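Colleague: I am new to this model and would love a close look at one part of it: the charged side chains that pair up. Please take me through them slowly, and explain the terms as you go.

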Amino acid sequence: MLCHTGPLRILITSYLVAVTAFSAYAAPLTDSAFPGNTGCVGLKGVNPRCRPQEIAYHREYFYIGGRYVPYPVLGGNLVYDQLYVEKLIPTGGEVKQPYPLVFFHGGGSAGSVWLQTPDNRKGWASYFLDRGYAVYIVDQTSVGRATQEDLPGYPLRIGSTAEIAQRGFTVPELTNAYPQSQLHTQWPG
């Protein structure tokens, strides 16, 4: 018989408590329990039958800035100081306001905090999209979807040099890694 003690036992126990708590909130919900989605807040909001509270929008994203920093261990370069920006416009392109809104997050969080509240209600992005604004949500460097510079804290980042991304995704035709790579003419391709 396998016996778990110490931190592993605490982890397994915590997992089982979390699954039990999730099941207690998610399982008993029925469509009649939340007409119009009103019961889909808090932990109940994770139920697959809950519809998103956000309005429909078109989403694009891009990166701003960045610089290559040599990383000799991998024989390549890492990208530092790059912002991630997510652009949202109301579905149908109905931007009614002359100026867009740009949302920056605070310390310890990412731009996704503007999308909805933790209890599944509409966030500020949806509030302003409802009013016809184009919205830009920014992840500052080293946070969220922007480039990460804390290598000791994020060891998986070390395997992601710019050259690895180019060989595998953006310009595979340069290394002729596979026969179809020579047909690559655009990203994605």
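**Charged partners**

Modeller: Happily! Let's start with aspartate 81 and arginine 67, which form a salt bridge whose closest N and O atoms are 2.4 Å apart. Aspartate 81 belongs to strand S2 and arginine 67 to strand S1, so this pair ties together parts that lie 14 residues apart in sequence. Before going on, please keep in mind that this is a predicted model, where local features need pLDDT of at least 70 and side-chain atom pairs count only at pLDDT 80 or more, while totals for chains, interfaces and linings use all residues. Residues are numbered from 1 along each chain as its sequence is written, and side-chain values use heavy atoms, leaving out hydrogens and water.

Now the terms. A salt bridge here is a side-chain nitrogen of Lys or Arg within 4 Å of a carboxyl oxygen of Asp or Glu. Side chains of opposite charge can pair when their charged atoms come close. Strands are DSSP runs of E with at least two residues, and helices are runs of H or I with at least four, numbered from the N terminus. By the salt-bridge rule, the count comes to three.

Back to our opening pair: aspartate 81 has a relative accessible area of 34% and arginine 67 has 44%. Each is therefore partly exposed, as buried means under 20%, exposed over 50%, and partly exposed in between (1.4 Å probe, protein chains only).

Another salt bridge joins the side chains of arginine 59 and glutamate 86, at 2.9 Å from N to O. This pair links distant parts of the chain, with arginine 59 in strand S1 and glutamate 86 in strand S2 (residues 76-90), 27 residues apart. Here the two partners make a nice contrast: glutamate 86 is buried at 2%, whereas arginine 59 is partly exposed at 44%.

That leaves aspartate 130 and lysine 122, whose closest N and O atoms are 2.8 Å apart in their salt bridge. Aspartate 130 is partly exposed, with a relative accessible area of 37%. Lysine 122 counts as partly exposed too, at 37%.

One last charged side chain has a ring for company: arginine 131 lies over the face of tyrosine 127, at 3.6 Å from the ring centre. For this, NZ of Lys or CZ of Arg must be within 6 Å of the ring centre and within 35 degrees of the ring normal.
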